[in-house]
Amino acid sequence: MKKMYALVRASFLEGLVIRNRIPIMVFEQLLTISVNYYIWKHVALNHLLSGYDPLQLSTYPVIVWIIQLFIHSGVFLKIMDQYRTGNLVIQLTRPVSYFSILFCSSFGKSLFKFIFGCIPTLIMVIMVIKIYIPHHAVTFFMFGISILLSAVLLAQMDYCLGRMIFITENGNGLFMFRCLLVDIFSGILFPIEYAPHFLKGIIKILPLRFLYYFPASIYLEIYSIEESAVVLFQQLGWIVIGIWMI
């Protein structure tokens, strides 16, 4: 446990070294969230989805991009960089599992982004636009648990896909394929209800919907407390499958 803590702390402090990037990071997220908010606000006024009211639908991209800023995993890029430089050999000789090293490094950066990126961005957003606020305190708790589970699940997916770099000459194509899968099937670009019918069947099979769509739906109270609890158990189930695959 002490080794894990040391890795998370080192990764967090690494972010503080380049803290001059914080204003750029916050500005980038504010711009992205603003554009997506007003696009979906217009959509909500014209094509309302069943189960969403206009405020919930316009809040959806705000919550999704905040989640994306927190759980954006660098596990795949880390593997690709270490494979190119040969540093991977050194990492494998450490008395800690390779996945634990990658996950702790990614989680430390996620904590840095949450404190210095997510919180300032969310405060500025709330000051400018009106977003949906859950009515039940337990929703915030379940939302937080869901985000943490999503971070673990994304790291597992990146790790399993990243190991395919060993049978390729360049990991850039795999990384582009990974980004394409996440953008389309995770709900980061649009609620899954907007997906074409032929894609919905694929989305239901893949665990990608648990990364952004379900945590955002829990926050927006699209599901009841009981249904949200079922979603959390499903996330845990996919994490167990990820542990077996690793």
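Trainee: Which residues does Arg209 touch, not counting residues up to four places away in sequence?

Mentor: A good place to start, and please keep in mind that this is a predicted model. Arg209 touches Phe185, Ser186, Ile192, Ile203, Lys204 and Phe214. Arg209 itself is found in the loop between α9 and α10.

Trainee: Which side chain of opposite charge is nearest to Arg209, and how far away is it?

Mentor: The general idea comes first. Side chains of opposite charge can pair when their charged atoms come close. Now the case here: the nearest side chain of opposite charge to Arg209 is Glu193, 10 Å away. Arg209 is buried yet has no salt bridge. Its side chain does reach the backbone oxygen of Lys204, at 2.9 Å.

Trainee: How many salt bridges does a search of the whole structure find?

Mentor: One. Asp158 forms a salt bridge with Arg178, and the closest N and O atoms are 2.8 Å apart. Asp158 lies in helix α7 and Arg178 in helix α8, so the pair ties together parts that are 20 residues apart in sequence.

Trainee: Are Asp158 and Arg178 buried or exposed?

Mentor: Both of them are buried.

Trainee: Let's stay with α8, then. How do I check the length of a helix, and what should α8 span?

Mentor: Count the residues, work out the expected span at 1.5 Å a residue, and compare the distance between the end C-alpha atoms. Helix α8 has 14 residues, 172-185, and should span 20 Å; its end C-alpha atoms are 20 Å apart, which agrees.

Trainee: Which residues of α8 are buried?

Mentor: Again the general idea first. An α-helix has 3.6 residues a turn, so residues three or four places apart point the same way. In α8 the buried residues are Leu174, Arg178, Val182 and Phe185. Looking down the axis of α8, you find its buried residues within an arc of 100 degrees, so they line one face of the helix. They pack against α4, α7 and α9. Among them, Phe185 is also one of the residues that Arg209 touches. After α8 comes Gly187, with a positive phi near 90 degrees.

Trainee: Which residue has a positive phi although it is not a glycine?

Mentor: Glu221, with a phi of about 60 degrees. Look for Glu221 in the loop between α10 and α11. With a relative accessibility of 18%, Glu221 counts as buried, since the cut-off for that class is under 20%.

Trainee: May I try the length check on α2? What should its 25 residues span?

Mentor: They should span 36 Å at 1.5 Å a residue, and the end C-alpha atoms of α2 are 36 Å apart, which agrees. The buried residues of α2 include Ile22, Gln29, Asn36, Tyr37 and Trp40. The partners against which the buried residues of α2 pack are α3 and α6.

Trainee: And α3: what is Thr59 in contact with there, leaving aside its neighbours within four places in sequence?

Mentor: Thr59, found in helix α3, is in contact with Ile131, Tyr132, Tyr219 and Leu220. Its relative accessible area is 0%, so Thr59 is buried.

Trainee: How far apart are Ser11 and Ser110, in sequence and in space?

Mentor: They are 99 residues apart in sequence and 9.2 Å apart in space, C-alpha to C-alpha. Ser11 lies in helix α1 and is buried, with a relative accessible area of 2%. Neighbours within four places aside, Ser11 is in contact with Cys104, Ser105, Gly108 and Lys109.

Definitions and conventions: Residues are numbered from 1 along each chain as its sequence is written. This is a predicted model: local features need pLDDT of at least 70, side-chain atom pairs count only at pLDDT 80 or more; totals for chains, interfaces and linings use all residues. Side-chain values use heavy atoms; hydrogens and water are left out. Helices (H or I, at least four residues) and strands (E, at least two) are DSSP runs, numbered from the N terminus. The expected span of a helix is 1.5 Å times one less than its number of residues. Buried means under 20% relative accessible area, exposed over 50%, partly exposed in between (1.4 Å probe, protein chains only). The arc is that of the directions from the helix axis to the C-beta atoms. Contact means heavy atoms within 4.5 Å. Lys and Arg count as positive and Asp and Glu as negative; His and the chain ends are not counted. A salt bridge is a side-chain nitrogen of Lys or Arg within 4 Å of a carboxyl oxygen of Asp or Glu. A polar contact is a pair of N or O atoms within 3.5 Å; within protein, one must be able to donate a hydrogen and the other to accept it, and residues adjacent in sequence count only if both atoms are side-chain atoms.
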